[in-house]
Amino acid sequence: MALYSGPGFVLYEGTPVLQSSMVSMDVQTDNKDVNTQLLGRAGFSPGPKKVQISVNSAIPASGLEYDWVAIANAQVEINLAFKLAGRTYSCTGDLRNAKLDSSVDKANEISFEFHGIIVSTT
């Protein structure tokens, strides 16, 4: 029987975000095709790489683990890392969206979307 890696998680300024219920990372190269009249697709031109990290977190009764709304509202550059399967992708960028949700069907939740670049992989 195969053994698989455990859940991934996000680190904010080097500290794990403990209340997250879902994290995802999308690496976007933004490469562009180079098409020529005689060769057709002749290759590609490297694009401005970027990464997008999305996180959903439950909100404990004691309050927010991190005030993602205030961080997004401050419009500052932050360090965020995504750790999964023994690899850590360290990124720098900013929060673009922060959303608070409340419902009778589940715990209160905060979600955010980070846009940036990968600065190192370990």
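These exercises with worked solutions explore a predicted model.

## Exercise 1: The sheet

Task: Work out the strand order of the open sheet of seven strands, and find which strands stand at the edges.

Solution:

Step 1. Trace the open sheet from one side to the other. The order is 2-1-7-8-9-6-3, and the pairing is antiparallel.

Step 2. Recall how strands are held together. Strands of a sheet pair through backbone hydrogen bonds, either parallel or antiparallel.

Step 3. Look at the two ends of the order. Strand 2 (15-16) and strand 3 (20-28) each have a single partner strand, so one side of each has no neighbour in the sheet. These two strands are the edges.

Step 4. Check one pairing in detail. Strand 3 and strand 6 run antiparallel and are joined by eight bridges. Take V27 as an example: its bridge partner in strand 6 is V51.

## Exercise 2: A hairpin

Task: Describe how strand 4 is joined to strand 5.

Solution:

Step 1. Locate the strands. Strand 4 covers residues 32-36, and strand 5 covers residues 40-45.

Step 2. Find the connection. A hairpin of three residues leads from strand 4 to strand 5.

Step 3. Count the bridges. There are five between these strands, which run antiparallel. In one of them, V34 has G43 of strand 5 as its partner.

## Exercise 3: Aromatic pairs

Task: Classify the ring pair of Y12 and Y66, then that of Y66 and W68.

Solution:

Step 1. Start with the total. The whole structure holds four aromatic pairs.

Step 2. Take Y12 and Y66. Their ring centres are 5.0 Å apart and their planes stand at 70°. Planes over 60 degrees apart count as edge-to-face, so this pair is edge-to-face.

Step 3. Place the two residues. Y12 lies in strand 1 (residues 9-12). Y66 sits in the loop between strand 6 (50-58) and helix 1 (68-74). The pair therefore ties together parts that are 54 residues apart in sequence.

Step 4. Take Y66 and W68. The ring centres are 5.4 Å apart and the planes are at 55°, so the pair is tilted.

Step 5. Join the pairs up. Y12, Y66, W68 and F112 are linked by ring pairs into a cluster.

Step 6. Check the exposure of three members. Buried means under 20% relative accessible area. Y12 has 15%, so Y12 is buried. Y66 has 19%, so Y66 is buried too. W68 has 2%, so W68 is also buried.

## Exercise 4: The largest nonpolar core

Task: Find which residues of the largest nonpolar core touch the most other members, and which elements supply two or more residues.

Solution:

Step 1. Note the number of members. The core has 19 residues.

Step 2. Pick out the best-connected ones. V10, Y12, I53, W68, L95 and F114 touch the most other members.

Step 3. List the elements that give two or more residues. They are strand 1, strand 6, helix 1, strand 7 (78-84), strand 8 (87-103) and strand 9.

Step 4. Examine the surroundings of V10. Setting aside neighbours within four places in sequence, the contacts of V10 include I53, V55, L80 and F82.

## Exercise 5: Two residues of strand 9

Task: Decide whether E109 and S111 are buried or exposed, and find what they touch.

Solution:

Step 1. Place them. E109 lies in strand 9 (residues 106-121). S111 lies in strand 9.

Step 2. Apply the cut-off of under 20% for buried. E109 has 12% relative accessible area, so E109 is buried. S111 has 13%, so S111 is buried.

Step 3. Look at the contacts, leaving out residues up to four places away in sequence. E109 touches S21, N56, S57, A58, I59, K99, L100 and D101. The contacts of S111 are V55, N56, N97, A98 and K99.

Step 4. Add details for E109. Its C-alpha atom is 5.3 Å from that of I59, although 50 residues separate them along the chain. The side chain of E109 also makes a polar contact of 3.4 Å with that of K106.

## Exercise 6: Salt bridges

Task: How many salt bridges are there, and which residues form some of them?

Solution:

Step 1. Give the count. There are four salt bridges.

Step 2. Name some, with their N to O distances. Among them are K32 with D30 at 3.8 Å, R41 with D33 at 2.9 Å, and R96 with D94 at 2.8 Å.

Step 3. Check exposure. D30 has 42% relative accessibility, so D30 is partly exposed. R96 is partly exposed at 48%, and D94 is partly exposed at 23%.

Notes:
Residues are numbered from 1 along each chain as its sequence is written. This is a predicted model: local features need pLDDT of at least 70, side-chain atom pairs count only at pLDDT 80 or more; totals for chains, interfaces and linings use all residues. Side-chain values use heavy atoms; hydrogens and water are left out. Helices (H or I, at least four residues) and strands (E, at least two) are DSSP runs, numbered from the N terminus. Buried means under 20% relative accessible area, exposed over 50%, partly exposed in between (1.4 Å probe, protein chains only). Contact means heavy atoms within 4.5 Å. A polar contact is a pair of N or O atoms within 3.5 Å; within protein, one must be able to donate a hydrogen and the other to accept it, and residues adjacent in sequence count only if both atoms are side-chain atoms. A salt bridge is a side-chain nitrogen of Lys or Arg within 4 Å of a carboxyl oxygen of Asp or Glu. Rings of Phe, Tyr and Trp (its six-membered ring) pair if their centres lie within 6.5 Å; planes under 30 degrees apart count as stacked, over 60 as edge-to-face and the rest as tilted. Two strands pair if DSSP finds at least two bridges between them. A nonpolar core is a set of buried Ala, Val, Leu, Ile, Met, Phe, Trp, Tyr and Cys residues joined through side-chain atoms within 4.5 Å.
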